[in-house]
Amino acid sequence: MIITMSKMPKLLIIEDDESIRLLMSHVFRSEYDVIEAVDHAGAVKLVKGKAPEVVILDLGLPPHPADVTVGIKVLKDILVIDPSIKVLVVTGNAEKENALKCIEIGAFDFFTKPVSHEEMKITVKRAFHVARLEKENTKLKSYSEIDGLKGMLGNSATM
């Protein structure tokens with residue numbers, strides 16, 4: 001299921017539990033262009049096709065939702081496709097060490113279930129802010145590297 005609203009920053013929610021996914025989608029729909037995936041294949045397809053800036057990723061995904069290996073694989077695949085994407089991992093209390101492993105891999109942050117909507121909103125907002133700053137920084141660096149003073153002519157003694 002894909003829900004699209006133009007000109008808004010894109011947020012991908014990867015969650016196999018429909019009630020949780022719909023609730024998260026509802027929480028963010030007014031501020032972001034929310035797109036949704038329920039599994040690894042759908043997540044990779046949307047990352048490639050829709051280029052979200054921020055992703056909320058549940059570690060327990062099919063075909064083995066009780067295991068975190070698929071979620072960690074999704075995280076790695078997302079960061080290979082686009083290392084600038086900010087991935088927020090959602091984990092159960094017993095999986096905190098896995099969430100920390102995800103941070104080591106490159107996740108931006110993590111939430112422990114049950115998730116506070118206010119904490120999630122603040123963290124997602126911060127992730128979008130950091131993504132914009134990094135994009136702007138990269139753009140500014142490219143401007144300075146393109147031309148610089150190359151080819152400049154002048155006869156001023158101070159130049």
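**Legends to close-up views of the predicted model**

Of the 159 residues of the protein, 38% count as buried in this predicted model.

**View A. Overall content of the protein.** Five helices and five strands make up the secondary structure. Read from the N terminus, the elements follow the succession β-α-β-α-β-α-β-α-β-α. The exposed area of the protein is about 9,400 Å², of which carbon and sulfur atoms supply 57%. Among contacts with a separation of 6 or more, 58% come from residues 24 or more positions apart.

**View B. The open sheet of five strands.** The strands are arranged in the order 2-1-3-4-5, and their pairing is parallel. Strand 2 (33-37) and strand 5 (109-112) are the edge strands, each of which pairs on one side only. On average, neighbouring strands of this sheet are turned by 20° against each other, direction ignored.

**View C. Strand 3 beside strand 4.** Strand 3 (residues 54-58) and strand 4 (residues 86-91) run parallel and are joined by five bridges. Within this pairing, Val90 in strand 4 is the residue opposite which Asp58 stands.

**View D. Helix 3 on the sheet.** Helix 3 (residues 69-81) packs on the sheet, where strand 1 (10-14), strand 3 and strand 4 are touched by this helix. The direction of helix 3 makes about 165° with that of strand 3.

**View E. Helix 4 across two strands.** Strand 4 and strand 5 are the strands across which helix 4 (residues 96-105) lies. Helix 4 runs at about 165° to strand 5, an edge strand of the sheet.

Note on methods: Residues numbered from 1 in each chain as written. Predicted model: local features only at pLDDT ≥ 70, side-chain atom pairs only at ≥ 80, totals over all residues. Heavy atoms only, no water. Helix = DSSP H or I, 4+ residues; strand = E, 2+ residues; numbered from the N terminus. Buried < 20%, exposed > 50% of the residue type's maximum accessible area, 1.4 Å probe, protein only. Contact = heavy atoms within 4.5 Å. Areas by Shrake-Rupley, 256 points an atom, 1.4 Å probe, with all protein chains shown as cover. Pairing = 2+ DSSP bridges. Axes fitted to C-alpha atoms, helices over the stretch in contact; angles between N-to-C directions.
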